[in-house]
Amino acid sequence: MTSDLTTPVAAAAQQQLAPRIPVATYRLQFNRQFTFAHARHWLRYLDQLGVSDCYASPYLKARAESTHGYDIADHSALNPSIGSEAELQAFVAELHARGMGQVLDIVPNHMGIGESSNLWWMDVLENGPSSPFAPYFDIDWHPFKAELANKVLLPILGQQYGRILEAGELQLRYGAGAFTLHYWGTELPVNPRTYTLILDEPLGQISAALGAEHDHVLEYQSIMTGLTNLPLRTETDRAKVAERHREKEILKRRLDALAQASAEVRAAIEAAVARFNGTPGEPRSFDVLDALIDRQAYRLSYWRVAAEEINYRRFFDVNDLAAIRVELPEVFDATHQLIIRLLGAGIVQGLRVDHPDGLWDPAGYFRRLQERYLATCEQQPATNGQLPADADDGAHDDAPAGRPLYILAEKILAPGEHLPADWPVHGTSGYDFLNALNGIFVDAANEKRFNALYADFTGLRLRFDTLTYDTRKQIMRNALASEVYVLAHQLSRVAEHNRYYRDFTLNSLRDALREVVACFPVYRSYIVAATDTVSERDRAVIEQAVSRARRRNPTLDPSIFDFLRDILLLRYPDTLDPAAREEQRTFVMKFQQLTGPVMAKGLEDTAFYIFNRLTSLNEVGGDPQRFGTSVSAFHRQNQERLRDWPGALLASSTHDTKRSEDVRARINVLSELPDEWRRALGRWSRLNRRKKSTVDGAPAPDRNEEYLLYQTLLGAWPFDLGIPEHQASRQAGHAETNGFSGSAAPPAAASPEWLEFAARIQEYMIKAVREAKVHTSWLNPNTQYDEAVRAFVAAVLDPAPANRFLADFRAFAERIAHFGAFNSLSQTLLKLAAPGVPDIYQGTELWDFSLVDPDNRRPVDFDLRAWWLGELADVRGDRAALARALVERKADGRIKLYLVHRALQFRRANPELFRAGSYTPLLAGGAEEHVVAFARANAGAEALAVAPRLLARMLGDSGAAPLGPAWGDATLLLPAAHAGRRYRDVFTGTAHSVALYSGAPGLPLASLLADFPVALLERIA
């Protein structure tokens, strides 16, 4: 890095290392299409919107074409596809000039290994256990398959190894003194000691041409001797490792120099390489290449082998993402040096840590991160490296012990689970809030009716707990089978140390292990085995998992579950020696790194695509079997967050969500209309019956997938489908005249927008059916079934007049979209006013109907947003009239942009009110079920947030907006102390006075919501 990025920070020392808590963040997805330069250009817009901090996706060096940045290949460099150091500096300078900060998403758990740009991984492949980077990766060098001893399994081949080899797809190449093996675009190093296999035969040819005593021949022989004497690739002695690392590079340089100096040497090497590459059609001609490959530190294999035999820990089941052992100090230092320098230089003010559940010891990792940041700041003198004090819009904690740096943990909490109190972080990345918020817009009163209609339409009688148990076992039998095998072998070795348990067979231990993991109630436990202590929380989790597993498997010997429970709870048999105890501790720690991936793959990436009762509930961190969240539970969670984690992020859409907030808001409306939904399903299935294909004797897609498709269409249907994007609005000019009055009719011929939408739905449905793993999957694609699903979507969305489904569908979709818009506005306000740090995912300040990634990483039209915000922010005069106009033209999305802008600006003007202000739930007399409201108060400042819910049930078929008369005599009830107070609505500018209604102070909702569907009231003198 240049010195520009290592300028020490002043603000941390000047403010006693108090963390900078953002007022609000805006998530930016950096990639080659959205760079530092693009982000800098749009900072004026984000500042005007009211954002205090940019929340950046990872931008350390990853694959050039990476759209997400989580496949980091070099933790010590920026991603050149995103920008240079100078461009990052320019972006940060603009941030600081505006008093804004930056939270960076970091990836400590894994690295991308799909390309040769990961020099650590390439060194491991070249040198095996002798690589200085071998300890960096979590590789089992002595797996249960003997052929893999001291090798890394590389499942990168498209067919069986022998077929690939004899087809000539594996090519040996020479360049710059080194030999490499190539498989299409993948380049692999060759073990330098095995160069002698290639160089041996050319020696005679060179000697004959030049003479045995020629300097070039003698140098050639000397290089051969040096290669032969290199330490073995299995050598791990530090001195031998250093010797091998040093000498192999010297020998490569010598070989390169010799080949450049001697045409005879160069020609002989080229001829040897050609001989090794063999001749397709002549199988024996590949024997020499086969022998060379066999002596490498890797074993090439068919990609399907990975699930059962891969011997390096991955990120979930992604072969191109290898886990790293960040618990080792040298690995932590190597992977965090640049991050710490960015923090110390004031480039970054906070971190979001990706997937901490994959770490060996998450709490220990966070402590080390805080300590390293603290040490960096204390060692550096005060300079002008960070935000000027008078321009800092972020709030500052009173530096709670051990938390000088603002850190968010991407931790998914199971229902009833709490973030570990000993983690020195400021909260989660917001999935817990997202699901509680989303749940209050689901009509829980209709759960039984929804159960019945879903079962009747699909023919399925699914119990979600049984489904997730089955899908987690499925994942352990297939995608993560190798990880289970490795753990089972470790468990078997532990059992061998105790005479009471040594008779347990490997298969019985593996079965018990699978059962306990499948029954785990949370993503993972957090035992630090080295301390020999188990918290009450972790003890309860393990006891519950073992108890559930025992009940589900009455035919298994119960003593095997007792054994596994005692091992996990660190209860050591008296016969264990220190080495055996350490083996048990290692097993416990590795076990904890498995349960999270199994839960995630079995729940989020399988069961969530099968249990389609109401798909808005199928969200990361959610529990689809819970049909909605009570308002009281929502308030309780907000109060707990204010007390325990006031700096936690408040998310509603993220790069990981299965559906955007606006899609979920629409689908939630169905929970209020079970009868209409049932009738619509019946009509649509009849209209579309003939559009299905028959695959393996059954209709494709099946009824459950068809049910999913209709929900997806209702949720993602664009307001302006069929109209060239943004054209009408750009030509109209003024904020009060540039909206669409409603959904456009289907075009007679498919427009580009229509085709794009149809393609998006097709890609989503293919992903959904493969994730479900019922008829097809990523591991074993059923291309006939996939094509049948694709064809069905195309037929359903065919804009031809003969397609009667579309006309029927659009009438229902318009009603869903109408109420879904108000759901979305309500949830947006509640997020922006609740305790915590609200986050805006890029682009969602307008309507965003994105589905799961990569759909939610499509480019954002910032031009449109900036243009519209400029108009809305510049409005003078009657805000109430503007508010009404925005409601009437809600389809264009400016109403949401206006709400976000006004609420964020108010929040930024009152940071302490929202950071530390009290939280008081409020009720609405006469509309108790249809309003969520609360008060925030701090040091005389006060704000009231009022948001409607369940409006389809309240307003029925009228299609009216939830304004004025719709609320009748309903009243927002306030505490007695509020009598006589006055408030001004941030959105309309209208002043309201608290009066007595039936003897209690309150505000009439008909007046409060006369012009805008939600209210944010500021107390005025």
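This tour moves through a predicted model in three stops: a helix pair, the nonpolar cores and a buried loop residue.

Begin by selecting residues 804-833, which form helix H30, together with residues 894-909, which form helix H33; the two pack at an angle of about 15°, with their axes 10 Å apart. Since angles under 35 degrees count as roughly parallel, H30 and H33 are therefore described as roughly parallel to each other, and H30 passes H33 in a right-handed crossing. Now show the side chains where they meet: on H30 the contacting residues include Ser 824, Leu 825, Thr 828 and Leu 829, while those on H33 include Ile 895, Leu 899, Val 900 and Arg 907. By class, this contact of H30 with H33 has nine nonpolar, two polar and three charged residues.

Next, turn to the largest nonpolar core, which has 208 residues, and select Tyr 59, Trp 677, Leu 797 and Leu 1005, the members that touch the most others. H30 from the previous stop returns here, for it supplies the largest share of this core, 15 residues. Centre the view on Tyr 59, whose contacts beyond four places in sequence include Phe 30, Phe 36, Leu 78, Ile 82, Gln 102 and Ile 347. A second, separate core of 61 residues can then be located through Leu 154, Ala 272, Leu 289 and Ile 324, which are among its members.

Finally, select Asn 618, in the loop between helix H22 (578-604) and helix H23 (631-644). Is Asn 618 buried or exposed? Its relative accessibility is 1%, so Asn 618 counts as buried. Phe 608 lies ten residues away from Asn 618 in sequence and 5.4 Å away in space, C-alpha to C-alpha. Asn 618 touches Phe 608 as well as Phe 611, Asn 612, Pro 624, Lys 658 and Arg 659, leaving aside residues up to four places away in sequence.

Methods: Residues numbered from 1 in each chain as written. Predicted model: local features only at pLDDT ≥ 70, side-chain atom pairs only at ≥ 80, totals over all residues. Heavy atoms only, no water. Axes fitted to C-alpha atoms, helices over the stretch in contact; angles between N-to-C directions. Helix = DSSP H or I, 4+ residues; strand = E, 2+ residues; numbered from the N terminus. Parallel < 35°, antiparallel > 145°, perpendicular 65-115°, else oblique. Left-handed = near helix turned anticlockwise from the far one by under 90°. Contact = heavy atoms within 4.5 Å. Nonpolar A, V, L, I, M, F, W, Y, C, P; charged D, E, K, R; others polar. Core = buried A, V, L, I, M, F, W, Y, C linked by side-chain atoms within 4.5 Å. Buried < 20%, exposed > 50% of the residue type's maximum accessible area, 1.4 Å probe, protein only.
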